[in-house]
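I opened my notebook to look for empty space in this protein and then to check one helix. Here is what I worked from.

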Amino acid sequence: TLITGEIEITTFGKVAHDILYNMAGEIDTTFDGGMITGIGVDGFYQSAENITKLNAEYALSAALTSGETALKSMRVIGHYENGNFETTRPLEISMRHSTATGQMQIIDSRMSANLKIVMRGVAPAPSPIELQINPNGTRNYSLSQIMMDLDTGYMREFVKTHAKF
């Protein structure tokens, strides 16, 4: 992963612990390459040939709750204070066949996020999937919302013709 960014942080204190604990400021970073753990859309597309209307719910559920996905790029802009972080502008994620935007926060080392994921090629005009990642790691999303738009035949052809996309 290549990480570039601008960080403007202020701090104060008498010892190293004070200086670390009192850090606060703005962060604007871009990640090029790397992996996202906990979302497996790469595996979903890799198994496109085997996905049917009957098993698509299981495949989608697995893609939204586990696995790894190669990251093309991710831009994160937000405020850092005393170990906690919260985005101040929408998070932007680009993956091989998908994109996502949303908000993220890390409070007491526990991350939560609200994302809208667009999985290209699952339908001629795919709707965003709203995914909420809770601080305890559980996920909220609506499979019925996703299944209304899913076209498995279209997805199989998309994956074949967009192998290098």
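My entries below go through the cavity, the pocket and then the helix.

**Entry 1: the cavity**

I kept in mind that this is a predicted model. I started with closed-off space. Rolling a probe the size of a water molecule over the atoms shows where empty space is left. How many cavities of 30 Å³ or more does the structure hold? I found 1. The space in the largest cavity comes to about 90 Å³.

Next I listed the lining. Met 119, Val 122, Pro 126, Ser 127, Pro 128, Ile 129, Gln 145, Ile 146, Asp 149 and Leu 150 are the residues around the largest cavity. I sorted them by class and got 7 nonpolar, 2 polar and 1 charged. Which element gives the largest share of this lining? Helix α4, residues 143-149, does, with 3 residues.

**Entry 2: the pocket**

Then I turned to open space. The largest pocket has a computed volume of about 390 Å³. I noted 21 lining residues, and those nearest the centre are Met 74, Val 76, Leu 91, Met 104 and Met 111. The class split for this pocket is 17 nonpolar, 3 polar and 1 charged.

I also looked up where the lining comes from. At least two residues each come from β1 (2-10), β2 (24-32), β3 (35-37), β4 (68-81), β6 (91-95), β7 (98-107) and β8 (110-119).

**Entry 3: helix α5**

Which residues of α5 (152-161) are buried? I wrote down Thr 152, Met 155 and Phe 158. They sit on the same side of α5, because the arc they cover around the axis is only 115°. The spacing rule from class helps here: an α-helix has 3.6 residues a turn, so residues three or four places apart point the same way.

What do the buried residues of α5 pack against? My note says α2 (41-46). On the other side of α5, Lys 160 and Thr 161 are exposed.

I checked the N-terminal end of α5 too. Asp 151 caps this end, with a side-chain oxygen 3.3 Å from the backbone nitrogen of Gly 153.

**Entry 4: Thr 152 on its own**

I zoomed in on Thr 152, which belongs to helix α5. Why does Thr 152 count as buried? Its relative accessible area is 9%, and buried means under 20%, so Thr 152 makes the cut. I then skipped its neighbours within four places in sequence and asked what else it touches; Thr 152 is in contact with Ile 51, Thr 52 and Lys 53.

Notes. Residues numbered from 1 in each chain as written. Predicted model: local features only at pLDDT ≥ 70, side-chain atom pairs only at ≥ 80, totals over all residues. Heavy atoms only, no water. 1 Å grid on protein atoms, 1.4 Å probe; cavity = no way out; pocket = protein on both sides within 12 Å on 5 of 7 lines; lining within 4 Å. Points joined across faces, edges and corners; volume = space filled by probe spheres on them. Helix = DSSP H or I, 4+ residues; strand = E, 2+ residues; numbered from the N terminus. Nonpolar A, V, L, I, M, F, W, Y, C, P; charged D, E, K, R; others polar. Buried < 20%, exposed > 50% of the residue type's maximum accessible area, 1.4 Å probe, protein only. Arc of directions from axis to C-beta. Contact = heavy atoms within 4.5 Å. Polar contact = N/O pair within 3.5 Å; in protein donor to acceptor, adjacent residues only side chain to side chain.
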